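Let's walk through how two chains fit together, and then look at the space enclosed inside. Here is the model to keep in view as you read.

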There are 2 protein chains.
Amino acid sequence: MQAFQDYYPENLAHCYGCGRNNAQGHQIKTFWDGDETVTHFQPRPEHTAIPGFVYGGLLASLIDCHGTGTAAAAMYRAENRAMDTLPAFRFVTGSLQVSYLKPTPLGPVLEIRGRVKEIKGRKVVVEATVYCAGVATAQGEVIALQMPDTFVAK
Amino acid sequence: MQAFQDYYPENLAHCYGCGRNNAQGHQIKTFWDGDETVTHFQPRPEHTAIPGFVYGGLLASLIDCHGTGTAAAAMYRAENRAMDTLPAFRFVTGSLQVSYLKPTPLGPVLEIRGRVKEIKGRKVVVEATVYCAGVATAQGEVIALQMPDTFVAK
């Protein structure tokens, strides 16, 4: 099964968080699970905040890219289109908010689950929660905006 | 001149964003500039969003650690204490919000400037703006909380 990010256009797949063409990046993969979206990610030892716990900036990054990926998938669903059809949807982040509920232990694979809160015009609002060993440790909201053409470097 | 992060206790200096003891991390360095705080950071080529622009998750991470560093420095100032005096202040992030104002070109050194908005009990609220070549491209707010003892891994 292909992830949302596997459908990103070739020239828009370099994102450090979610681009399959970024060899140094996180290369997250997001899938539908009913009406929710899910990403699994294994933090590396260097993704430390305080020793033993996951770096909050990584959690923010995961929520961010999970959100823009979910936004694209949701827009295809709203239009009853398969993700391999053109024109491709690709979103950027307008705003990102993260609340750290409790320390996230470093070790287990993390699960990020998203829900589409709103689709309006070129905007999709996605709520996401990070779980570690079944416990919600962070939650956030991404306001994703369909990428303006001007954002593409010539 | 030593940066705020140079004063972090040895066992709390492993953060991927700001820990001097994290060889793989960003190791940001933050200083006072009058009543503002300033961090400079050179993104690496892999810190890409769309080709030519900086990854938003990196900007969120920089704002995050700039915020917790500013919070610690502000608390020392509020108590008229030098940063090398004990007990050490170390903050974690309760909440992080980032608004992406415009794409951030990848190439120039970024400047993050912070202002203390509020100090109340164990909480410090810091506003921060990211500048690229003098242009504000992102702004955010960090609610930093003085680290509870329970956060330290035994």
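Start with the meeting surface: 100% of the interface residues of chain A are also interface residues in chain B, so the copies meet through the same surface. Here contact means heavy atoms within 4.5 Å. Bear in mind that this is a predicted model, where local features need pLDDT of at least 70, side-chain atom pairs count only at pLDDT 80 or more, and totals for chains, interfaces and linings use all residues. Residues are numbered from 1 along each chain as its sequence is written, chains are lettered from A and ligands numbered from 1 in the order written, and side-chain values use heavy atoms, leaving out hydrogens and water.

The contact draws 37 residues from chain A and 37 residues from chain B. About 2900 Å² is buried between them, with carbon and sulfur atoms giving 64%; that is the accessible area (1.4 Å probe) the two parts lose on being put together, summed over both.

What about symmetry? A turn of 180° with a shift of 0.0 Å along the axis lays chain A on chain B with an RMSD of 0.0 Å (least squares on the C-alpha atoms of residues with pLDDT of at least 70 in both). The two copies are thus related as by a two-fold rotation axis. Within chain A, A:Q97 comes closest to that axis, its C-alpha at 2.1 Å.
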